[in-house]
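Got your viewer open? Let's take a short walk around this predicted model, one selection at a time.

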Amino acid sequence: MPLLERSQTAPSSLRSRLASIRLLPGQVVALAAAALIFIGAALLMLPFATPDGMQLRFIDALFTATSAVCVTGLIVMDTPHEFTTFGQLIILLLIQIGGLGYALLATIILLALGHRIGLRDRMMLAETLSTFDMAGSIRYVKIVAIATVALEGLGFLFLALRFSQDMPWGEALYSGLFHSISAFNNAGFALFSDSLISYRTDLSVNLIVTVLVILGSTGFILFQDAWDNLKGRRFRLQTHTKLVAVVTLVILVSGTLGITILEWNNPRTFQPLSIGERLATAHFHAMSRTAGFTTIDISAMNDATLYFLLLLMTIGGSPGSMSGGIKTTTFAIIWVTIWAVLRRRQDIEIFHRRISRELVVRAFCLAILAFTAITVFTLVLAFTEERPFLSIMFEVTSAMGIVGMSLGDGDGRSFSALFTDFGKLVIIASMLIGRFGPLLIGLFAVYTTTTPRYRFPESRVMIG
């Protein structure tokens, strides 16, 4: 073949190979998130993202960008003092994009520009939003956009009014915007080195942040269902909505009571507080199991309380929300299944509706995989890092549940700041798995479903 013909064939062959690559929508979302993290890390390493004379290491920039995109809130740099306003705005932008999701944000922009949304984009949306119902995905996106702007806007307004009593109006507006977006996205980033400890007894700040975090962690599916009922499109709430509401309420009540009882006589935390302040502080941290904000020094808590918080962080928020964890619905299905087995019931029933066996198996698989990942990463860090075991396990669980709550390094940063570079990479991997692991597991379950042509004979195995 002549040289000219060969050179013309090579590019066309390369183009055909690239065109033949078919990425699943979930893979596109994960790759876009990875690209966003590296772009964010590069922007944070710019000279004007940090104060004069400070040079940010790549591992710390990567950790910060990952924590922001995964809306985790773990920090190895003190956000208010070791980043300039530009750096803080980069973090805030990463939080907003990471919280809403790449596919959702891209769809909102396309809709605003008047573009049509194709089937592939709808598939990507459905998987990003934890729902495989593509029919109403565009209407769902509009509800998400309106709810996000409205709730973050109201939070910004109320927080700015409150902060204006402590700082100039310009700082109050900026602080209100930052904490409103961080709270609704369950990110846990704050412009105060002590998180919200300075506002522990401030009813307005506690109430605003609590409402934003709870609404951000319950999921937009609940918003859509409630809106459809108000508009007359539905005449009863879906089972998912009822389950999320009940489990969230049970976790908040039991979490508040559990923390209150376990910390009641702790002289370093609850003992100096009044009864009302103890209940309010306990409720705030039960709520913050998905966000990571704190109003007391949790490193002073009893070990039993820390382990109880660790369990709450593992459960996390609800599907289709900004939060992580195994999710409230997964937790509920597991315990309803256990109750049905103990009662020798054949069907798993919730609110007079039957739950499919496939969903039950997936719930147990997700919980076991989460437990396994937390255990493995904890053992790895316990071997490589010379730190207390419970502190390491708490940090790994916080990263895996994309919570951001941490026992701290004693200087305004997370406990991860004390780790080696390898330890920080392990926490980065934990955050990525916590954010995108359930999505990839769901995609694997969906796209590898096959109907076998034969079945092996059944056999009995003794258990218990």
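Start by selecting Leu154, Leu157, Phe158, Leu161, Trp169 and Leu173: together these residues make a nonpolar surface patch of about 580 Å². Now colour helix H8 (137-163) and helix H9 (169-184), since each supplies at least two residues of that patch. Which helix gives the most? That is H8, with 4 residues.

Stay here for a moment and click on Trp169, which lies in helix H9. Its relative accessibility is 48%, so Trp169 counts as partly exposed.

Next, let's hunt for salt bridges; the count for this model comes to 8. Select Arg57 and Asp421, whose side chains meet in one of them, at 2.6 Å from N to O. Arg57 sits in the loop between helix H2 (25-44) and helix H3 (58-69), while Asp421 belongs to helix H18 (residues 421-447), so this pair ties together parts that are 364 residues apart in sequence.

Keep Arg57 on screen and add Asp60: these two side chains also meet in a salt bridge, at 3.6 Å from N to O. Is Asp60 buried or exposed? With 7% relative accessibility, Asp60 counts as buried, whereas Arg57, at 39%, counts as partly exposed. Add Lys424 to your selection as well, and you have a network of salt bridges linking Arg57, Asp60, Asp421 and Lys424.

For the last stop, pick Glu82 and Arg413, which form a salt bridge of 2.8 Å from N to O. Glu82 is in helix H4 (residues 79-82) and Arg413 in the loop between helix H17 (389-400) and H18, so you will find this pair linking distant parts of the chain, 331 residues apart. Both Glu82 and Arg413 are buried.

How values were computed: Residues are numbered from 1 along each chain as its sequence is written. This is a predicted model: local features need pLDDT of at least 70, side-chain atom pairs count only at pLDDT 80 or more; totals for chains, interfaces and linings use all residues. Side-chain values use heavy atoms; hydrogens and water are left out. Patches are made of residues with over 30% relative accessible area and no salt bridge: like charges are joined within 9 Å, nonpolar side chains (Val, Leu, Ile, Met, Phe, Trp, Tyr) within 5 Å. Accessible areas come from the Shrake-Rupley method with a 1.4 Å probe; for residues, only the protein chains shown count as cover. A salt bridge is a side-chain nitrogen of Lys or Arg within 4 Å of a carboxyl oxygen of Asp or Glu. Buried means under 20% relative accessible area, exposed over 50%, partly exposed in between (1.4 Å probe, protein chains only).
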